[in-house]
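Please open the model in your viewer and have the selection tool ready. We will go from stop to stop, and at each one you will hear what to select and what is there.

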Amino acid sequence: MERKKERPYVLEIENLSYSYGRRNAIENINLKIDEGSFLGLVGPNGSGKSTLIKSILGLLTPQKGSVKIFGKPLNKFRDWSRIGFVSQKANSFNSGFPATVYEVVSMGLYGKIGMFRFLTKKHKEKIIEAIEQVGMEDYINQNIGQLSGGQQQRVFIARALVSEPSLLILDEPTVGVDARSVNNFYTMLKQLNEEKGITLILVTHDIGAMSEYVTDVACINKFLHFHGGAQEFEFQQEEMMSALYGHDVQVLTHNHDHHHHHEYDGGAPQ
Amino acid sequence: MEILQQLTFLERGIIAGLIIGFICPLVGAFLLVRRITIISEALSHITLTGITAGVFLSQAVIWLNFVNPLYTGFLFSLAGSLLVEKLRQIYRHFQELAVPIILSSGIGLSAVLISLAQSSYNEWYSYLFGSIVTVTLNDLFFIMFTGLAALLILGAFYKELLSISFDQEFAETTGISVNRLNFFFAVLVALVISMSMKVVGILLVGAMVTLPVAASIQIAKSFKQVIILGIIFGETAMIAGIALSYYLNIATGGVIVVAGVVILIITNLVKRLTQAGTAAS
Ligand SMILES: Nc1ncnc2c1ncn2[C@@H]1O[C@H](COP(=O)(O)OP(=O)(O)OP(=O)(O)O)[C@@H](O)[C@H]1O
Ligand SMILES: [Mg+2]
């Protein structure tokens with residue numbers, strides 16, 4: 001496969017390990033993500049996908065390893081409006097919260113605007129644009145708690161999009177979204193990726209649907225098992241899946257970790 | 001300054017009341033959506049400790065006799081507020097524990113200090129249930145100063161506080177520092193509680209923070225409306241309370257709270273009726 005070498009990395013993860021207690025939830029993850037790629041991140045329940053995402057976002061502080069975003073070490077990175085995030089638990093908020101769709105989406109801009117400042121006309125236009133982008137314009141003044149789960153999820157996606165991020169990270173964003181909307185949603189992501197050049201990381205269990213849209217795939221189960229192009233993934237998919245969801249994980253890990261290193265240490269053929 | 005000095009005791013009380021009626025619901029709205037209105041109870045009792053400490057100090061130590069107990073009340077309220085925040089971190093899965101811990105420590109300490117200080121029952125009565133006619137010029141300065149500080153904090157961090165209250169994890173990913181915000185919020189709550197002390201009273205300050213927003217959330221559709229309606233209800237209760245307490249000579253805090261409860265009942269009825277109306281049509 002050809003590598004787009006000139007492009008800078010949006011994300012460089014090196015030897016990353018995180019443990020909540022004694023056991024590592026992720027271990028020794030090495031992953032570099034090119035600008036403009038659309039990465040599908042897959043793995044079984046409890047495989048550490050959300051843990052990896054939270055470590056990238058600085059929500060967790062890993063015990064080992066390092067993360068660089070847009071070339072900057074995580075602890076020096078300040079430009080958070082360049083990153084959009086939709087959490088796996090996004091709709092576990094207090095459903096009685098008295099906020100409208102408009103108010104929730106505007107929260108995506110709050111970190112960027114700064115102290116003592118309020119929304120300008122331009123901000124307001126952006127908020128409405130983001131709401132239209134996810135097809136929720138008819139609900140703009142509706143209370144967030146009174147929407148269906150799938151509609152809420154769309155609002156949270158709009159909240160992530162409103163700051164016009166160049167990296168969008170979505171942790172199982174389509175849970176509770178109906179099948180047709182899922183396809184529309186993936187199409188929308190693909191458009192964002194292709195037309196606006198936004199780099200995407202999508203965590204999902206929906207491997208079949210995902211692989212039609214993404215450009216790259218990473219599989220993790222505590223360790224990184226695979227990282228490569230979508231076509232390459234499809235080619236190895238069966239082997240991959242039984243490795244991830246079936247047999248002993250540890251043995252395979254080292255193989256693939258190795259394989260992975262080769263791919264990125266100059267892209268030498270195996 | 002000159003103008004303030006010419007105010008009658010009643011005018012002083014009214015100005016103090018209007019400031020409190022404005023700021024309490026504003027902060028109450030955040031306490032409400034963060035589900036921690038109960039913290040106001042803990043802080044009002046620790047503020048009592050501060051006030052008793054202030055009274056005791058001004059009696060026991062000659063050169064401290066100028067100390068206005070409201071200031072020591074604020075210091076204790078602030079310490080209590082930061083302590084509540086700390087306890088909530090320590091007991092992460094039992095966060096409600098922080099309130100009874102601070103509340104009972106506050107009452108216990110107050111009891112000790114009250115028996116040490118020699119004051120008339122009347123003085124404590126006005127701190128417990130609030131009194132509009134005893135607002136001195138010094139008290140009014142305190143209320144204006146703390147009110148201004150509270151407004152400054154809210155102006156600076158309104159958006160950030162709203163975002164954190166709704167979804168802390170997301171707020172963090174937009175670069176908002178949760179620890180810093182929680183600190184300022186603790187200061188804000190301490191300011192509001194200690195500032196309300198003189199007019200509403202220790203036992204009833206929680207009501208001023210809670211009742212107006214409890215009423216407004218019944219009919220509000222957005223967070224902004226919760227705040228705006230909350231302020232309208234707060235001021236209404238305050239004015240009604242001040243007027244009635246003055247003409248009928250009843251404890252101010254008591255009348256304010258009764259007025260707040262009446263507003264709460266009315267909004268609940270209104271909500272019921274409008275819901276029945278939309279369901280029928
Ligand atoms: N807050 C926590 N405290 C302790 N252990 C945790 C916590 N969160 C996750 N874990 C553990 O870390 C491991 C990885 O969890 P993580 O949530 O990253 O998995 P995931 O791949 O996102 O799973 P899912 O597909 O179910 O979302 C699991 O074994 C889990 O038990
Ligand atoms: Mg997860």
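What follows is a guided walk through selected spots in this predicted model.

**Stop 1: the magnesium ion**

Start by selecting ligand 2, the magnesium ion. Which residues coordinate the magnesium ion? Show A:Ser50 and A:Gln88 as sticks: A:Ser50 offers its OG atom and A:Gln88 its OE1 atom, at 2.0 to 2.1 Å. This pair brings together distant parts of the chain, since the two residues are 38 residues apart. A:Ser50 belongs to helix α1 of chain A (residues 49–56), while A:Gln88 sits in the loop between β6 (83–86) and α2 (101–113). Now add a surface and look at A:Gln88: with a relative accessibility of 37%, this residue counts as partly exposed.

**Stop 2: ligand 1**

Keep those two residues on display and select ligand 1. There are 13 residues around ligand 1, and the ones that come nearest are A:Gly46, A:Lys49, A:Ser50, A:Thr51 and A:Gln88. You will recognise A:Ser50 and A:Gln88 from the magnesium ion, which they coordinate.

Next, draw some distances to oxygen atoms of ligand 1:

- From A:Asn45, use a polar side-chain atom; the distance to an oxygen atom of the ligand is 2.9 Å.
- From A:Gly46, use a backbone N or O atom; here too you should find 2.9 Å to an oxygen atom of the ligand.
- From A:Ser47, again use a backbone N or O atom; an oxygen atom of the ligand is 3.2 Å away.

**Stop 3: a loop residue and its distant partner in chain A**

Stay with the loop between β6 and α2 of chain A and select A:Thr100, which is found there. Is A:Thr100 buried or exposed? A:Thr100 is buried, because its relative accessible area is 5%, under the 20% limit for that class. Add A:Gln142 to the selection: along the chain it is 42 residues from A:Thr100, yet the C-alpha atoms of the two are separated by 5.2 Å.

**Stop 4: two more pairs in chain A**

Select A:Asn28 in strand β2 (residues 24–34) of chain A. A:Asn28 is partly exposed, with 25% relative accessible area. Its partner for this stop is A:Gly65: the two are 37 residues apart in sequence and 7.6 Å apart in space, C-alpha to C-alpha.

Then move to A:Leu59, in the loop between α1 and β4 (64–69) of chain A. A:Leu59 counts as buried at 19% relative accessibility. Draw a line from its C-alpha atom to that of A:Phe93, 34 residues away along the chain, and you should read 18 Å.

**Stop 5: backbone angles worth a look**

Most residues other than glycine have a negative phi. With that in mind, select A:Asn15 in strand β1 (residues 9–19) of chain A. A:Asn15 is not a glycine, but its phi is positive, at about 45 degrees. The residue is partly exposed, with a relative accessible area of 37%.

A:Glu164 is another non-glycine residue with a positive phi, of about 50 degrees. You will find A:Glu164 in the loop between α4 (149–161) and β7 (167–171) of chain A, and its relative accessible area of 47% makes it partly exposed.

**Stop 6: the largest pocket, in view from chain B**

Now turn to the largest pocket, which has a volume of about 1400 Å³. To centre your view, select B:Ile164, B:Asp167, B:Gln168, B:Glu169 and B:Glu172, the closest to the pocket centre of the 33 residues that line it. Colour α4 (69–90), α7 (137–166), α8 (168–173) and α9 (178–200) of chain B, the elements that each give two or more residues to the lining. Which element gives the most? It is α9(B), with four residues. If you colour the lining by class, expect 13 nonpolar, 10 polar and 10 charged residues.

**Stop 7: two buried residues in chain B**

Select B:Asn68 in the loop between α3 (39–60) and α4 of chain B. B:Asn68 is buried, with a relative accessible area of 10%. Its side chain makes a polar contact with the side chain of B:Asp139, at 2.9 Å.

Finish at B:Ser245, in helix α11 (residues 223–248) of chain B. B:Ser245 is buried too, with a relative accessible area of 5%. Add B:Ile132, 113 residues away along the chain: the C-alpha atoms of the two are separated by 8.3 Å.

Key
Residues numbered from 1 in each chain as written. Chains lettered and ligands numbered in written order. Predicted model: local features only at pLDDT ≥ 70, side-chain atom pairs only at ≥ 80, totals over all residues. Heavy atoms only, no water. 1 Å grid on protein atoms, 1.4 Å probe; cavity = no way out; pocket = protein on both sides within 12 Å on 5 of 7 lines; lining within 4 Å. Points joined across faces, edges and corners; volume = space filled by probe spheres on them. Nonpolar A, V, L, I, M, F, W, Y, C, P; charged D, E, K, R; others polar. Donors = N, O, S within 2.8 Å, 3.2 Å for Na, K, Ca; no water. Buried < 20%, exposed > 50% of the residue type's maximum accessible area, 1.4 Å probe, protein only. Near = heavy atom within 4 Å. Polar contact = N/O pair within 3.5 Å; in protein donor to acceptor, adjacent residues only side chain to side chain.
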